[in-house]
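Thanks for coming, everyone. I'll put the structure up now and walk through it piece by piece.

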Amino acid sequence: MQFFIDPYFPDGLDAVGDAGMAGFDEKRSLYLSGCKKFLAKYRDDIRQLHSSGASGSEVTHLLSDMMDELHNKLFLSIIYDLGGGDAMLEHISLVAVGGYGRGELNPFSDIDIMFLHDGVLPTATVEDIAQKLLYFLWDMRLDVGYSVRKTQDCVEMAAADGTVKTALMDARFLSGSRPLFTTLSKVIFSQILPKSSDSFIKEKIADMKVRLEKYGATVYLLEPNIKEGEGGLRDLQTAIWIARVKYKFTDLRELIIKGIMNDEELENYLSALDYLWRIRNELHYFNGRKNDQLTFDAQVHLAGFLGYEDRGRVLAVEDFMRDYYRQGNKVEHFTSSIISRCIWRDEGALRILGYFIRRPVGDGCFVLKGELIVPDESVVEGNPGVMMKMFELAQKHGVTFNVRVKGIIRRHLALINDKFRRNREVNQSFLNILRSSKGVANTLRLMHHLEFLNHYIPELEHIYCKVQHDLYHIYTVDIHTLFAVEQAEKMLSGEFKTIMPLPCSIAAEIGKPELLILSVLFHDIGKGSGGGHAEKGAAMIPTIARRMGLSKEDSERLEFLVRHHLLFAHIAQRRDLNDEKMIVQFARQIETSENLKMLFLLTVADVRAVGTDVWTAWKASLFQELFEKAFGVLDRGGFQQEASSERVTSMIKKVTAMLENDFPTVEIRHELKAMPVRLLLSNPPQLIAEQVRLLLGLEQSDILLRLTHQHETGYSEYTICAHDMPGLFSRITGVMAANGINILGAQINTSKNGKVLDILQVNSPQGNLITDPSRWDKIEQDMRQTLHGEVLVSTLVAKRKRPTLLTTRPAPRFPTKVDIDNEVSDDYTVIDILTHDKVGLLYLITSTLAEMGLYIGVSKISTKVDQVADVFYVRDIFGQKIFASEKLSEICSKLMTAIDEWV
C-alpha cells in the first residue's frame, strides 16, 4: 500500500510554497482538514486489511509508513511556509525514534520524534518549527512525544540516561538534512554505543527485573500484559538492544554472520514479533485506545477474531491463551538466550578467570559467584543424567543456574527419553530434591521454566499452560500447582507456624514429605483431559510411580490422594459437619490417619495457592473441625457410632445440672428433650446450656437476638431465637442481604415445641469483622419489624443498592447448576447450587425454597470471588425427605429460573 497525502489538500494549495497565502498559520485549517481526511481514509484501509488477515508485521509497518507521509508533508510545509526553503533544510532533520523509529506502530501507539539540528539555526527558530508541528499533531489527537537536540546533546544525554540510548539506537531518518542524520548515526555507533556497554547491559537487565515485578514475573498470568509482561514485546526489544550494544550491528542478519544467532532463531524472533503485533493490533482496535492488558473479555474477543472455536468442554479462549503462553515461553527463552550470549560470549576468558575462584561441586559442575556453572557442555552429552544432578546441586548449595547452564538444559531436552526417566540415579536425585528442607518449590519452578519438568514427567504436559478461565484462579494450572508446592513446602518447614499452627504441626508428623510434594505436584494433572480430572489424574499415577521406582504402598497412597484431592474441601465446606454418620463414612473412605493428614495438607496447599485471601479464618475453622472429627473416628477405630440415646441422656443430665439453680428442672428437661438430637450431640454442654437459656427466654419475649464477635477468626456469630413461622430463614437472610451482611454459614435448629434457634456466622463482604454498634442496631430493628410482619423483607432487599466495588468487571460466565442428593444424609434432601454471586442471592434461594413448602435444616455457604456454591439440607412440610421425581424436577427448575432471572 502506498500513501499519498496531496490529493487530500484543496486545489491550488501547494504545501511547499503558495504565493496566494501569507504562511503556515493562514493555511493551517486547510492542512488540518486535509490531514484528517488522509488519516481517516488510510486508517480505515489498514484496519480492513488487518480484519482480512494481514500479518502483524504488515499492519505495524503500514501504520508507520502512513505516519511518515503525514509528518514529512507537514514538516516540509512548515519549513517552506516560514520562508526557510532548502537552505533551512540543510541544518535540521526530522527523526523517528523509539518504536516509531523501528517502523513498528500499532493503531494507538505513542509516536516519538526528534528535531535534530546542527546549531546553525537560531534555537528559537527550531523550537518554533517543533511547536507548529507538534500542536498540529496534538490537534489531530495523536499521542506524540518529542525532543529538540543537537548531535552533542544526544551523546551527553545517552551517557546519562539508558532510555535515551535505546531510543537513539532505533533512530530513523524521516525528512530534512540526510547528512546531518548520517553524522548522528556514525556518532551512535562510534561514540554512544561503545561507551559503558557493560554498564548499559547490566542496567537493562536490572530494568527488566523491575518491569517484571510490576507487570508479572511469569508468562502465565491469566490477564497478561502483552507489551511489558514476561514473554511480551518489551522482552524481545530488550534482547535486541543488549545485542546491538554488544555487537554494534545495523542489520539483524549480522548476528548470524557473527555466530551469535542462527537462522532458526532469527525466524523465531520475527515470527514472535509478528504474532504479538497481530494480537496487539486487534487489542487496540477492540478497546478503541492504547491498551496492552489481555483482560478476560478481550481474550474471548481475540479467540474469535483469530479463528479459535470451542471443542466440547474446551473453550476457544482456553486454546487461544494456551497458545499465547507457549509463545510467551518461547519469547522468554529467546530473550534469556541472547542476553546470556552477550554476557558470557568470552568463554575462554571465563574459564581462565574463573578457574582459580570457582568451587567444584561434582559431576562437572562448579559454583562461581552464587551461580552454578558447567564449563564443559560435553558432560551432558556423555551422561544426560547429569542434568537432574545440576538441579540437585544448585538446590543443595543454595545457588541459581547461570544463564549459560539454562541454555545447556534447553538444548539437551531431547536427551530426556524413557531410559532417562527410568534411570534409578536420576529418580533418586529427583526424590532427594523433593525431600530437601529448602528450595523445593524454586527448583521445581526452574525445571518447569526450562521445560525440563514436562520432559521428565510427560504427563504434566496435559496441564502445561492450561488456562482456568475464571476470576477465582489468576494463574494457569501448572503455575497454580507450583504455588501449591510452595505452600506445602512452607508447612513442612514450619515457616507458617505462627499463622497456621495446626497444618504445620500435622506436617511435622508426615513420614514421607516427598510423597506429599508429589501429591501436590500431580493433584491437577488430569485437568488437561476434560471433565472428571481427579479420576483421570489418579489413573495416570501407577505409570508415573513405576517409572520413578516408588514402592507399591507409596504408589497407592499417591493415587489415593490425587483421586480424592477435592473430597476434603467438599465435605468441609458443603456438608453438615454435625452429621456424625457422614463423618464416619468420610473417615471410612480415608482409611488411615496418615491419609487424612496428607489429604488435609494437600487441600490446604491447594486452596491457599489460589490466593492467600481465598484462605479465610472461617474456611480454616471448617477444615480444622472436619480434620479433628475424622481423626477422632480413625483414632477410635472400628468406625462405629456411639449409641446416641446414651449420649443424649448424658447431655441432658449435664446441662440440667448446670442450669437447675436458675430454672425449674422440669422446664429445663422439657426444653432439652424438644431440641433436635443432632444439636445435642454436636455441641459441648456449656454451649447447649446457653442455647437453652435463650429458648426458655422466649416465654418473656417473642424474639431474642444475640451477637458474639469472634475476633480471632474474623467473623461474628448472630443467633436468632423465635417461634417458627413460614419462611423464617428466608426473612432472616433477606434482612442480612438488605444490610450488606455476608453469611458464611448457618445452622437452623427447630425444636419439637415450635421454637427455632438459628445461628449464623457472618462478616462483611470484604471478609472483615463488623463491630459498628449502630449497624447492628439497624439490623436488630429490621429483624424485629420483619419477623413481626411490620415490613416486607422483599421491600428491604429491593432498596439495597449494589456496592460500587462489585460493579462490572468482565468475567467468564458459566451456567447455573442445581444438583440434588438423597444419599448423603438420612434425614434431609441435600440441594447443591453452583452459580454466579449476586446481591441478595441467598435470600432469593431461601425464599424460593420457602414458596415450595420446603424447610431448611442446614445451610452451607461458600463463595469463591464470583462463584457461589450454596448447599441446603431440606425437608417437606411433614418433616420428610423429598423422593418424588416430579417434585425434585420442580425444585431444580424453579431454583434455576429464579436465579437466572434475578437482576
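Trp-138 sits in helix 5, residues 123-139. Helices here are DSSP runs of H or I with at least four residues, strands are runs of E with at least two, and both are numbered from the N terminus. This is a predicted model, so local features need pLDDT of at least 70, side-chain atom pairs count only at pLDDT 80 or more, and totals for chains, interfaces and linings use all residues. Residues are numbered from 1 along each chain as its sequence is written, and side-chain values use heavy atoms, with hydrogens and water left out.

Back to the tryptophan. Is Trp-138 buried or exposed? Neither: Trp-138 is partly exposed, at a relative accessible area of 33%. Buried means under 20% relative accessible area, exposed means over 50%, and partly exposed is in between, with a 1.4 Å probe and protein chains only. Trp-138 joins Tyr-135 and Tyr-146 in a nonpolar surface patch, and together they have about 310 Å² of accessible area. Patch members have over 30% relative accessible area and no salt bridge; like charges are joined within 9 Å, and nonpolar side chains (Val, Leu, Ile, Met, Phe, Trp, Tyr) within 5 Å. Areas come from the Shrake-Rupley method with a 1.4 Å probe, and for residues only the protein chains shown count as cover.

Follow Tyr-146 into its sheet. Tyr-146 is in strand 3, opposite Ile-113. Strand 2, residues 111-117, runs parallel to strand 3, and six bridges join them. Two strands count as paired if DSSP finds at least two bridges between them. The open sheet has four strands, ordered 3-2-1-4, with mixed pairing. At its edges are strand 3 (144-149) and strand 4 (172-176), each paired on one side only. From one strand to the next, the twist averages 25°.

Now the loop between helix 5 and strand 3. Arg-141 is found there. Its phi is near 65°, positive in a residue other than glycine. Most residues other than glycine have a negative phi. Arg-141 counts as exposed, at 77% relative accessibility.

There is another positive phi to look at. Where is Asp-363? Asp-363 lies in the loop between strand 5 (359-362) and strand 6 (365-368). Its phi is about 55°, and it is not a glycine. Asp-363 is partly exposed, with a relative accessible area of 40%.

The strands on either side of that loop pair antiparallel over three bridges. Pro-360 has Phe-366 in strand 6 as its bridge partner. Strands 5 and 6 belong to an open, mixed sheet of four strands, in the order 5-6-7-8. Strand 5 and strand 8 (400-401) are the edges, each pairing on one side only. Helix 17, residues 386-397, lies across strands 5, 6, 7 and 8, at about 125° to strand 5. For angles, axes are lines fitted to C-alpha atoms, for helices over the stretch in contact, and values run from 0 to 180 degrees between N-to-C directions.

Next, Ser-429 in helix 20, residues 424-435. Ser-429 is buried, at 4% relative accessibility. Leaving out residues up to four places away in sequence, Ser-429 touches Met-388, Lys-389 and Glu-392. Contact means heavy atoms within 4.5 Å.

On to salt bridges: a side-chain nitrogen of Lys or Arg within 4 Å of a carboxyl oxygen of Asp or Glu. How many are found in the whole structure? The search gives 46. One of them joins Glu-377 to Arg-411, with the closest N and O atoms 3.1 Å apart. Glu-377 is in the loop between strand 7 and helix 16, and Arg-411 is in helix 18, so this pair ties together parts 34 residues apart in sequence. Contrast Glu-625 and Lys-629, which form a salt bridge at 2.9 Å. They are four residues apart in helix 31, so about one helical turn separates them. Arg-102, Glu-104, Asp-170 and Arg-244 form a network of salt bridges.

Last stop, strand 16, residues 867-875. Why call strand 16 largely enclosed? Because eight of its nine residues are buried. Strand 16 pairs antiparallel with strand 14 (829-836) over eight bridges. Leu-834 has Ala-869 as its bridge partner there.

Finally, the whole chain. It has 40 helices and 16 strands. Of its 903 residues, 54% are buried. Questions?
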